[in-house]
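These are my notebook entries on one structure. I record what I looked up, entry by entry.

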Amino acid sequence: MKKYLISILFFFCSLVVFSQGGVPVDGIVAIIGKEIIMQSDLEKHYIDYTGQFRTVEDPFETRCYVLETLMYNKLMVNQAQIDSIEISDEEVDYMVNARISYFLQQVGGDEKYIENYFHKPMSQIKREMKEMMYEQALTDRVQSKITDKITITPSEVKQFANRMSADSMPTVPTSYQFGEVVKIPPVSETEIEEVKARLNEYRERILRGEKISVLARLYSDDPGSASKGGDLGFQERGTLYPEFEAAAFNLKTGEVSQVVKTQAGYHIIQMIERKGEAIRVAHILIQPKPSTDEQVKAITYLDSVRAIILDEKLDIAEAAKRFSEGPSKANGGLAVNPYTNSNSFDKQSLDETTYMTLNKLIPGEYSECIPYVNEDGVMAYRLLYMKEKVVEHKANIAEDYDLIKNAALEEKKYNAMQKWVVDKVKVTSIKLNEQYRDCDFVTKWQIP
């Protein structure tokens with residue numbers, strides 16, 4: 001897995017490249033306006049592409065494909081220079097740090113692993129990534145200027161759907177819209193004090209020289225970061241809990257915070273690195289657990305609530321208003337999918353217990369009380385209400401308008417980009433090395 005992830009990272013920072021014979025190569029392959037593609041550029045991207053996809057039937061054809069991708073990018077960069085688009089050093093640094101942080105998370109925060117793989121210190125790897133990320137930012141900015149104002153009308157959506165055959169329509173998995181009545185068992189002060197004491201003990205151990213990464217793997221209740229040594233990667237201001245940020249942004253490199261309380265529980269935080277308004281920190285989270293007695297009380301409460309709901313024939317909005325403690329209370333009792341910000345859930349976005357419960361309900365029916373862990377990782381119990389179940393089907397405009405609308409809009413943006421490229425090629429000076437004149441390019445590059 002580490003080797004696979006590193007092969008993807010290779011795309012962003014491999015700069016020492018060789019020909020198939022192992023001899024360093026260079027020379028101009030193509031000129032797009034004022035932008036130049038060197039043989040070394042082509043080779044390093046070719047190595048990356050073949051490293052990811054393994055099988056290459058025709059090396060020349062593959063190089064042509066990679067070269068055309070580079071030519072597209074250089075066309076965008078050339079246009080960015082014409083349009084005087086500027087990307088700040090801070091923005092590029094943030095992109096580089098975010099990319100490195102992502103890959104560090106995938107390999108358990110093991111910076112030495114990446115350095116050993118490339119035989120370079122991390123500081124050098126980051127420097128070598130900067131130019132590539134700078135060009136990527138320019139390309140994204142040009143594409144946004146071309147496509148951001150593109151909209152689509154209902155008639156265009158209908159025309160798009162009519163062009164699609166039934167077989168070519170995607171299969172939409174079974175989806176659920178459901179409501180909930182939530183009860184969160186309270187946590188005792190004794191439990192909270194015990195949690196704080198444990199975190200203070202871990203803090204002292206870190207100050208004495210133990211690594212927070214080891215302690216986080218052993219003791220943290222954060223499933224997203226525990227396996228990565230508590231490393232949250234680079235986060236911009238405004239993306240974390242306010243209390244967490246207030247403590248984290250005041251830390252110096254290597255410093256460990258006092259115990260911090262958030263909605264998720266209690267934390268200690270260590271500053272790893274800061275870049276302007278972005279920080280990379282590691283933390284240990286411990287979530288106080290309600291006692292068995294409080295859990296039993298919550299279950300008993302919801303059992304009685306269910307009886308009232310059925311007796312009075314309450315709809316989910318009224319039931320949630322009167323009895324629920326969850327955030328969905330303000331949404332008419334309907335649960336919100338955090339991945340899509342909609343009320344629709346598929347199997348992949350549900351935990352196993354919730355999925356199995358919903359799958360047995362019919363619209364209008366309430367479940368028995370079931371346990372779950374909310375978005376903040378807090379143990380709770382709830383009754384589920386099945387509002388609507390849409391079984392797996394081929395996408396159609398009646399049931400899946402938004403899905404088809406998005407696909408139609410993406411096609412319209414793609415066509416606009418293709419037209420822009422064709423028009424721009426006609427007025428751009430383009431030169432290509434004789435070695436690649438026989439490439440079967442998708443775009444007619446008007447090469448003399």
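**Entry 1: a charged pair**

I began with two charged residues and found that Lys 74 and Glu 35 are both buried. The model I am reading is a predicted one. I then looked up how these two side chains meet: Lys 74 and Glu 35 form a salt bridge, with 4.0 Å from N to O. Lys 74 belongs to helix 3 and Glu 35 to strand 2 (residues 35–38), so the pair ties together parts that are 39 residues apart in sequence. I note the general principle that side chains of opposite charge can pair when their charged atoms come close.

**Entry 2: other salt bridges**

How many salt bridges does the count come to? I recorded 25 salt bridges. I chose two more for a closer look.

The first was Arg 163 with Glu 411, where the closest N and O atoms are 2.4 Å apart. This pair links distant parts of the chain, since Arg 163 is in helix 7 (residues 154–163) and Glu 411 is in helix 14, 248 residues apart. I checked the surroundings of each partner. Arg 163 has a relative accessible area of 54% and is exposed; Glu 411, at 30% relative accessibility, counts as partly exposed.

The second was Lys 297 with Glu 294, whose side chains meet at 3.9 Å, N to O. Both residues lie in helix 11, 3 residues apart, which is about one turn of the helix. I found Lys 297 exposed at 53% relative accessibility, and Glu 294 partly exposed with a relative accessible area of 23%. I also noted that salt bridges sharing partners join Glu 35, Lys 74 and Glu 135 into one network.

**Entry 3: the largest nonpolar core**

Which residues of the largest nonpolar core touch the most other members? I found Leu 67, Met 71, Phe 441 and Trp 445, in a core of 41 residues. Among the elements that give two or more residues to this core are strand 1 (28–32), helix 4 (89–106), helix 6 (122–147) and helix 14 (401–426). The largest share, 10 residues, comes from helix 3.

I followed Met 71 further. Leaving out residues up to four places away in sequence, Met 71 touches Ile 32, Ile 37, Ile 430, Leu 432, Phe 441 and Trp 445. I add a general remark: in soluble globular proteins, nonpolar side chains tend to be buried together.

**Entry 4: a sheet of strands**

In what order do the 4 strands of the open sheet run? I read the order as 9-4-11-10, with antiparallel pairing. Strand 9 and strand 10 (370–373) are the edge strands, and each pairs on one side only.

I then took strand 4 (residues 175–183) and asked whether its residues are buried or exposed. I found 8 of its 9 residues buried, so strand 4 is largely enclosed by the rest of the structure. Strand 4 pairs with strand 11 (residues 379–390) over 9 bridges in the antiparallel sense, while 2 bridges join strand 4 to strand 9 (residues 345–346), also antiparallel. Tyr 176 shows both pairings: its bridge partner in strand 9 is Phe 345, and its bridge partner in strand 11 is Lys 389.

I also looked up which helices lie across these strands. Helix 11 (residues 292–312) lies across strand 4 and strand 11, at about 35° to strand 11. Helix 13 (residues 352–360) lies across strand 4, strand 10 and strand 11, at about 40° to strand 11.

**Entry 5: one residue of strand 4**

I finished with Val 181, which is placed in strand 4. Is Val 181 buried or exposed? Val 181 has 0% relative accessibility and therefore counts as buried. Leaving aside neighbours within four places in sequence, I listed its contacts, including Leu 302, Val 305, Ile 309, Phe 323, Tyr 381 and Leu 383. As a last check I looked up the C-alpha atoms of Val 181 and Ile 269: these residues are 88 residues apart along the chain, and the two atoms are separated by 34 Å.

Key
Residues are numbered from 1 along each chain as its sequence is written. This is a predicted model: local features need pLDDT of at least 70, side-chain atom pairs count only at pLDDT 80 or more; totals for chains, interfaces and linings use all residues. Side-chain values use heavy atoms; hydrogens and water are left out. Buried means under 20% relative accessible area, exposed over 50%, partly exposed in between (1.4 Å probe, protein chains only). Two strands pair if DSSP finds at least two bridges between them. Contact means heavy atoms within 4.5 Å. Axes are lines fitted to C-alpha atoms, for helices over the stretch in contact, and angles run from 0 to 180 degrees between N-to-C directions. A nonpolar core is a set of buried Ala, Val, Leu, Ile, Met, Phe, Trp, Tyr and Cys residues joined through side-chain atoms within 4.5 Å.
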